[in-house]
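Reader: I would like a close look at one part of this protein, followed outward to whatever surrounds it. Please take it step by step.

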Amino acid sequence: MSKVRVIAIVDDHVENRNAATIAVFETLLNVSVLRFESAEEAIAALRSHASLIDLVLTDMEMEDDQAGYRVAHEAWAWNIPATIISGGHKGHGKEYVRLSYPTENFPGDKKDPEVWKLILANVFSGDRINNALFTALHLGKKAKPDYGFAVTLAQVIAAGLHGAC
């Protein structure tokens, strides 16, 4: 994705941020990484520097179990693509990482850069309605947030996740 130059990684665990950063630098060219350890910190950065951020990859559970939704909602309000990445779930006796959109589960742990490489491949793949999260990026970033747009995008994504799209 040639327009992506700055990726914000939001996760309250330093080992997850480190693994994601390694994967980004080993996978993508000419990309910078901003790292945030809380939803509050990421949202503040989006509000003050949204024009600099091209993609947000956020954990779900940080300060509370809805923190990732707040980060994604803020990013979408600025027309910045965001994917929620939740890790450490036990499914069928295995640890796996779940992406909210494009929806996918990966075996492994977010402490592993190889898992992050799979995540990046999925996010940039263009699958699932040509990856509607990147539609916002093609439209251009907003100078002011549009929270109505963010709510609409969240509803479209939720419908797509449940097979309605």
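Author: Setting aside residues up to four places away in sequence, Ser-86 touches Asp-59, Met-60, Tyr-96, Val-97, Arg-98 and Lys-110. This is a predicted model, and the contacts are computed from it. Ser-86 is in strand β4. Its relative accessible area is 12%, and it counts as buried because the cut-off is under 20%.

Ile-85 belongs to strand β4 too, which covers residues 82–91. With a relative accessible area of 1%, Ile-85 is buried. Its contacts, leaving aside neighbours within four places in sequence, include Leu-57, Thr-58, Asp-59 and Met-60. Val-97, Arg-98 and Leu-99 are also in contact with Ile-85, and so are Lys-110, Trp-116 and Ile-119. Ile-85 and Asp-11 are 74 residues apart in sequence, yet 9.2 Å apart in space from C-alpha to C-alpha.

Two of the residues that Ile-85 contacts, Leu-57 and Thr-58, lead to strand β3. In general, the side chains of a regular strand alternate between the two faces of the sheet. In β3, Leu-55 and Leu-57 point one way, while Val-56 and Thr-58 point the other way. Residues on both sides of β3 are buried: this holds for all four of those named. β3 pairs with β1 in the parallel sense, over four bridges. Within β1, Ile-7 stands opposite Leu-55 of β3.

Both of these strands also help to cover a helix. The buried residues of α2 are covered by parts that include β1 (6–10), β2 (32–36), β3 (55–58) and α3 (67–77). Helix α2 takes in residues 39–49, and Ala-39, Ala-42, Ile-43, Ala-45 and Leu-46 are buried there. Seen down the helix axis, the buried residues fall within an arc of 160 degrees, so they line one face of α2. Glu-40 and Arg-47, on the other side of α2, are exposed.

Helix α1 also packs against β1 and β2, and against α4 (113–123), through its buried residues. Those residues are Asn-16, Arg-17, Ala-19, Ala-20, Thr-21, Ala-23 and Val-24. The helix has 14 residues and reaches 20 Å from its first C-alpha to its last, close to the 20 Å expected at 1.5 Å a residue.

One residue of α1 leads back to the starting point. Ala-19 lies in this helix, which runs over residues 14–27. At 2% relative accessibility, it is buried. Not counting residues up to four places away in sequence, Ala-19 touches Lys-110, Lys-111, Asp-112, Pro-113 and Trp-116. Lys-110 is also touched by Ser-86, and both Lys-110 and Trp-116 are in contact with Ile-85. Ala-19 and Glu-114 are 95 residues apart in sequence and 8.2 Å apart in space, C-alpha to C-alpha.

The whole protein can now be set beside this part. It has seven helices and six strands, and its elements run β-α-β-α-β-α-β-β-β-α-α-α-α from the N terminus on. Of its 165 residues, 46% count as buried. Among contacts between residues at least 6 apart in sequence, 65% join residues at least 24 apart.

Key
Residues are numbered from 1 along each chain as its sequence is written. This is a predicted model: local features need pLDDT of at least 70, side-chain atom pairs count only at pLDDT 80 or more; totals for chains, interfaces and linings use all residues. Side-chain values use heavy atoms; hydrogens and water are left out. Buried means under 20% relative accessible area, exposed over 50%, partly exposed in between (1.4 Å probe, protein chains only). Helices (H or I, at least four residues) and strands (E, at least two) are DSSP runs, numbered from the N terminus. The arc is that of the directions from the helix axis to the C-beta atoms. Contact means heavy atoms within 4.5 Å. Two strands pair if DSSP finds at least two bridges between them. The expected span of a helix is 1.5 Å times one less than its number of residues.
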